[in-house]
Amino acid sequence: MTAQRLDGKATAQAIRAELREEVERLTAAGARPGLGVIVAGEDPASVVYVRNKTGACEELGMHHETRGLAATVTTEDVLAAVVDFNGRRDIHGILVQLPLPSQVDATRVLDAVDPAKDVDGFHPENVGRLVQKRPRFVPCTPAGIMELLARHEIGVAGKRAVVIGRSDTVGKPMALLLMHGNATVTVCHSKTANLAAVAREADLLVAAIGRAGFVRADFVKPGAVVVDVGMNTVEDPAEARDLLDPSRLPGFEKRGRALVGDVHAPSVARVAGALTPVPGGVGPLTVALLIKNTVRAAAATVA
Ligand code: NAP
């Protein structure tokens, strides 16, 4: 079997195209959607993520503003940036790019974001609302995955779903969304016994681990839908040869690195029924859902 490729890039483009009209309507109504980004330090991955997110705002004619803070920033400095964005009428959504430098108390920072502008859905009020199945803002990565599945007509009701990873940003909200969609959900983590056997029970397997190529063919039930959330960089040529489709090797040789997921795509694609690629799978959806949440936040101010 060769798995169907679940094209996140095309799905994200479709979502952004749908949002364009709403951005124009809101702008005409005096509420041009605005995203405020807070980023601290020079983490290269964060720089790329922020560029992708502000680029998407740009494309849709939204307002965006990035507060770039030094790597040596204090918690109080980051809090001051949050308080400023909280009070601004032209900023409807606030994104605090993680990770923050280790000396910054990230929990205090995220708790300080106005829940009505918390477009990442990380504030405890929004987490609580999601748990109670009355969501306001849902974390963008799992929300994007649900959109991807829905737009490919992959139903989750009645399915056995296994989520590997239990982070607050991906694994936990993913499990909640799947449970609310009437899947029967198992959440796995680093202490799960017989992980491959548990994963193999899944009709829908979500890998959000942060380990390149961790999910191999023996984790996957034939025909299962596999969603690869992982974003890992490989630099070792032997590892690259193992993890990458041969068509990507020239690019790896040129740049000396490549982006790979948590799923060993070459082997899993032969067993799964459908698979998200990396890159071009979950990543673009995360950006699209951030934009969607920001547009919704702006719409709420003119309702
Ligand atoms: P995280 O906070 O580090 O959480 C990783 C989870 O994986 C933890 O629950 C951990 O278990 C589990 N885990 C680690 N090693 C394991 C093992 N050997 N067996 C089973 N479980 C294991 O990471 P995250 O923020 O959720 O991100 C996960 C991946 O998704 C990363 O590659 C990240 O870059 C990527 N990501 C991508 C997007 C996107 O837009 N595509 C967005 C966010 C994140 P414990 O809880 O027991 O430690």
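**Close-up views of the ligand site and the nonpolar cores**

**View 1. Residues around the ligand.** In this predicted model, 23 residues surround the ligand, and those that come nearest are Arg-166, Ser-167, Ser-190, Val-229 and Thr-286. Helix H12 gives the most to this shell, with three residues.

**View 2. Polar contacts of the ligand.** Val-229 offers a polar backbone atom, 3.3 Å from a nitrogen atom of the ligand. Met-231 also uses a polar backbone atom, which lies 3.0 Å from a ligand oxygen atom. Thr-286 uses its side chain: a polar atom there is 2.7 Å from an oxygen atom of the ligand. The protein buries 72% of the 920 Å² that the ligand exposes when taken alone.

**View 3. The largest nonpolar core.** This core has 53 residues. Leu-178, Leu-204 and Val-206 have the most contacts inside it. Helix H12, residues 282-302, supplies the largest share, 11 residues. At least three residues come from domain 1 (30-116), and at least three from domain 2 (140-281). H12 thus appears in two views: it gives the most to the ligand shell and the largest share of this core.

**View 4. Surroundings of Leu-204.** Neighbours within four places in sequence are left aside here. Leu-204 is then in contact with Leu-149, Val-156, Arg-160, Ala-161, Val-162, Leu-178, Val-225 and Val-227. One of these partners, Leu-178, is also listed with Leu-204 among the residues with the most contacts inside the largest core.

**View 5. The second core.** A separate nonpolar core has 21 residues. Among them are Ile-164, Val-198, Val-226 and Val-268.

Terms used: Residues are numbered from 1 along each chain as its sequence is written. This is a predicted model: local features need pLDDT of at least 70, side-chain atom pairs count only at pLDDT 80 or more; totals for chains, interfaces and linings use all residues. Side-chain values use heavy atoms; hydrogens and water are left out. A nonpolar core is a set of buried Ala, Val, Leu, Ile, Met, Phe, Trp, Tyr and Cys residues joined through side-chain atoms within 4.5 Å. Buried means under 20% relative accessible area, exposed over 50%, partly exposed in between (1.4 Å probe, protein chains only). Helices (H or I, at least four residues) and strands (E, at least two) are DSSP runs, numbered from the N terminus. Domain bounds come from an automatic or database domain assignment. Contact means heavy atoms within 4.5 Å. A residue is near a molecule or strand if one of its heavy atoms lies within 4 Å of it. A polar contact is a pair of N or O atoms within 3.5 Å; within protein, one must be able to donate a hydrogen and the other to accept it, and residues adjacent in sequence count only if both atoms are side-chain atoms. Accessible areas come from the Shrake-Rupley method with a 1.4 Å probe; for residues, only the protein chains shown count as cover.
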